[in-house]
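Visitor: I should like a close look at a single part of this structure. Please describe a histidine and the aromatic rings that follow in the chain.

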Amino acid sequence: MEYDKQDICADDGGIKMAYETPLTIAEVMRDISNNKYVLPSIQREYVWETTQIETLFDSLMQDYPIGAFLFWEISKDKLGDYDFYEFLKNYHEKISIHNKKADLKGADGVTAVLDGQQRLTSIYIGLKGSYAYRLKYKQKKNDNAYPVRKLYLNLISRAKDSNNKYDFQFLLCNDVKNTDDEYWFEVGNILDMQDLGDVATYVTDNISYSETHQYSREQAKFATNTLSQLHKVIHTSLTLSYYKEKSTELDKVLNIFIRVNSGGTVLTYSDLLLSIASAQWQTHDAREEITEFVDDVNSIGGGFRINKDFVLKTALVLTDFSDIAFKVDNFNKPNMMKIEDNWDNIKKAIKQSVNLVSSFGYSGETLSSNNALIPIAYYLLKIGMPDNFVDSSTTKDNRAKIKKWLIHALLKKAFSGQPDNVIRPIREILKNNVSTDFPINEIIDKFKGTNKSIQFTEDDIDEYLLKLEYGSRETLSTLMLLYPSLDFSNKFHEDHMYPKSKFKKAYLRKMGVSEDKLDEYINMVNDISNLQLLAAQLNEEKLNTDFDKWFSNQYKTDSDKIQYRTINYLPQMEYSYVNFLTFMNERRKLLKAELLKILI
């Protein structure tokens, strides 16, 4: 029967694909053997167990739908852009679980399977391959623990001990024995039976007129029907319905792959990119390298939140590719080879940038944009990543410029929206200023007057910085501006000068605060004007002590008091609860004056 393309379409987020003419299992198995069907490197490895394969064949025999497939057509001129893998043909739990790279030299083009790898591999193993898994209680290192099995079908009776209708089982070839109730047919032999006459001859010779067993008429009839159905399923039924994607844009193909595989193990975009990278790197395992590196970097200082996406993105920037968009087309084979060649330097630059930012006092909790690390890593790479950069006295002024730029960029949220539009021009500036200190002024000038400007106005200070509260990432950055001399190799806390725990109405009344001011007090306790950066140990000693008592006990002499007030921008006054609102207003003025001096 002639089949035309069906009108049914799959709508995948705006991507419409029509069903192609369905295929028979026999022709697809033949083409898999000839490497006309291959697997892209984004596919995970084969994971099905024998019982799943047996159930799949039972579904095929009962004409149950087994789902559509998604194929990707690759033309001859695109074969060299990416690596492809052969189907796993003989699964062995110990020595053969990985797919081999496909040798496509001389191929006119191939079809890559985006969705359906597990099902097609299972059908292939059942018909043309084998399956070896470890026997219970046998040691893994014992080669005899993994006997090779093939798929067999009992032709003369239904399945007894399963929910399946047909009795498919993976059996050891040497142990197959036919009895009065069982006749085991090696399923792959059906491929040699080209027409139904071969089926009839087989049943006649081996069952109806068996020389070893006396099978009943009913058993012979069951065998004829069963083997005929298997022949139909493999040779004549157009069983394999599929869509075909012809786009050469791997990024589009990858997004389709993510969509259609969302029902199983959820794979992230970076997981799939790592699969591609692992296939294309020659001397490293990209997945293992990058995963271990992420863990290593995140253990620095107070801990960071770098992920695989960030490392892959930074690799594009640091390798000086013109297109740095985080899309799979940029992780093609030539690019991945360049990244691998540069991998050791990429790792060192990223790690040194994280160490530097940690020395500024940031951690994963307070660094509001990991993308801000990328220009720092690029700059360090270009100046040769000196080992003593983070702590040498000779680089102190240069580190101060990087810190100032970082704080400005984080506070102004320069990397929000479309960070590439910031990273690219900064990279050009850094590339042209390799022999100088970090070019903060050039970067500021580049974005002046744009929505990515890191310059501040007085309104920014009044309406943004001075309205920040405890717990905000931007609050720490602002306090860092106000405390430039602190050594953040030591740990500092954001401390409430007037302790937050005391701002309960009952206690405030007890301390003389009027009833009409209680809500105002409680609402203001977290404001930046009530915060200081205090050494961790000192803050733990301070605990919930009232500020006036702590100040008097901690700073005994007038000179100590003056120095503390100066460092922390405190008005000279009595720090009682009654004076809290006055303290907040006066300190806000002092903070504003300092921020104006620093920023404007």
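Guide: The account below begins with one residue and then turns to the aromatic rings. The model is predicted.

H496 is found in strand β13, which covers residues 492-496. With a relative accessible area of 10%, H496 counts as buried, because the limit for that term is under 20%. The side chain of H496 makes a polar contact of 2.7 Å with the side chain of N526. Leaving aside residues up to four places away in sequence, H496 touches Y470, V525, N526, N530, L531 and K542.

The aromatic rings come next. The model has 39 aromatic pairs. One of them joins Y498 and Y577 in an edge-to-face arrangement, with 5.7 Å from centre to centre and 80° between the planes. Y498 belongs to the loop between β13 and α18 (505-510), whereas Y577 belongs to the loop between α22 (558-568) and α23 (580-599); the pair therefore ties together parts that are 79 residues apart in sequence. Both Y498 and Y577 are buried.

Y577 also pairs with F503: the ring centres are 6.0 Å apart and the planes stand at 50°, so this pair is tilted. Distant parts of the chain are linked here as well, since F503 lies in the loop between β13 and α18 and Y577 in the loop between α22 and α23, 74 residues apart. F503, like Y577, is buried.

Finally, there are rings with a lysine over the face. K561 lies over the face of F551, 5.7 Å from the ring centre, and K412 lies over the face of F456, at 5.1 Å from the ring centre.

Conventions. Residues numbered from 1 in each chain as written. Predicted model: local features only at pLDDT ≥ 70, side-chain atom pairs only at ≥ 80, totals over all residues. Heavy atoms only, no water. Helix = DSSP H or I, 4+ residues; strand = E, 2+ residues; numbered from the N terminus. Buried < 20%, exposed > 50% of the residue type's maximum accessible area, 1.4 Å probe, protein only. Polar contact = N/O pair within 3.5 Å; in protein donor to acceptor, adjacent residues only side chain to side chain. Contact = heavy atoms within 4.5 Å. Phe/Tyr/Trp six-rings, centres within 6.5 Å; stacked < 30°, edge-to-face > 60°. Lys NZ or Arg CZ within 6 Å of the ring centre and 35° of its normal.
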